[in-house]
Amino acid sequence: MSHRIGIISDTHSLLRPEALAILQGCERIIHAGDVGKPEVLKQLNELAPVTAVRGNNDKGAWAEELPVSASITVGQVSIYLIHDLAELPVDPVAAGIRVVISGHSHKPSIQERHGVLYLNPGSAGPRRFKLPVTVAELVINNAKVEARIVELGV
């Protein structure tokens, strides 16, 4: 069975219709922090269940409810979520984690190291510098994991 997970980060209160269109049909959405305001998560939850972590810019009572990191399992795949990869508190290889998802840098990237897939969906919010506006998609089929970055036409 194949699972399609939408990955979004660094919305900074701006949830673009282009991002919503790509996340449509995902069975789960992961937000890697710097959400900006609770309405963003509410809108995403209308599409699919959301797992979100708190980013360094998420402040206030609503943000306090968000964990700093989260672990979920989809099919046979263990996923660890944290906003800033530099603050990763575990050794993913030793912990048996297959995918580490982070945000913060606004730079989209997919890297495989020692059997761990590191995925940063980039930023789907306000454009910073000349960085692209992006989301990512994770497709999990049993133990097989595929990731892709989707640039929004904005």
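Here is a friendly conversation about a predicted model, its open five-stranded sheet and its salt bridges.

Student: What makes E137 and R4 a salt bridge?

Tutor: The side chains of E137 and R4 come together at 2.5 Å, N to O. A salt bridge needs a side-chain nitrogen of Lys or Arg within 4 Å of a carboxyl oxygen of Asp or Glu, so this pair qualifies. It links distant parts of the chain, with E137 in strand β9 and R4 in strand β1, 133 residues apart.

Student: Why is E137 called buried?

Tutor: E137 has a relative accessibility of 10%. Buried means under 20%, so E137 counts as buried.

Student: And why is R4 called partly exposed?

Tutor: R4 stands at 25% relative accessibility. Partly exposed lies between the 20% limit for buried and the 50% limit for exposed, so R4 belongs there.

Student: How many salt bridges does a search of the whole structure find?

Tutor: The search finds four. One of them joins K144 and E146, at 2.7 Å from N to O. Salt bridges with shared partners also tie R4, E137 and R148 into one network.

Student: How do you know that R98 and E112 form a salt bridge?

Tutor: Their side chains meet at 3.0 Å, N to O, and the cut-off is 4 Å, so the pair counts. R98 sits in the loop between α4 and β6, while E112 is in strand β7, 14 residues away.

Student: Why is E112 called partly exposed rather than exposed?

Tutor: E112 has 47% relative accessibility. Exposed means over 50%, so E112 remains partly exposed. R98 is partly exposed too, at 22%.

Student: Strand β7 belongs to the sheet, doesn't it; what makes β7 an edge strand?

Tutor: β7 (109-113) pairs on one side only, as does the other edge strand, β4 (69-74). The order across the sheet is β4-β5-β6-β8-β7, with mixed pairing.

Student: How do you know that β4 and β5 pair?

Tutor: Pairing takes at least two bridges, and β4 and β5 have six, so they pair; the sense is antiparallel. Among the partners, T73 stands opposite S78, and A70 has L81 as its bridge partner.

Student: What lies between β4 and β5 in their hairpin?

Tutor: Two residues lie between them, and G75 in the turn has a positive phi of about 60°.

Student: Which side chains of β4 are buried?

Tutor: A70, I72 and V74 point to one face and are buried. S69, S71 and T73 point to the other face and are not buried.

Definitions and conventions
Residues numbered from 1 in each chain as written. Predicted model: local features only at pLDDT ≥ 70, side-chain atom pairs only at ≥ 80, totals over all residues. Heavy atoms only, no water. Helix = DSSP H or I, 4+ residues; strand = E, 2+ residues; numbered from the N terminus. Buried < 20%, exposed > 50% of the residue type's maximum accessible area, 1.4 Å probe, protein only.
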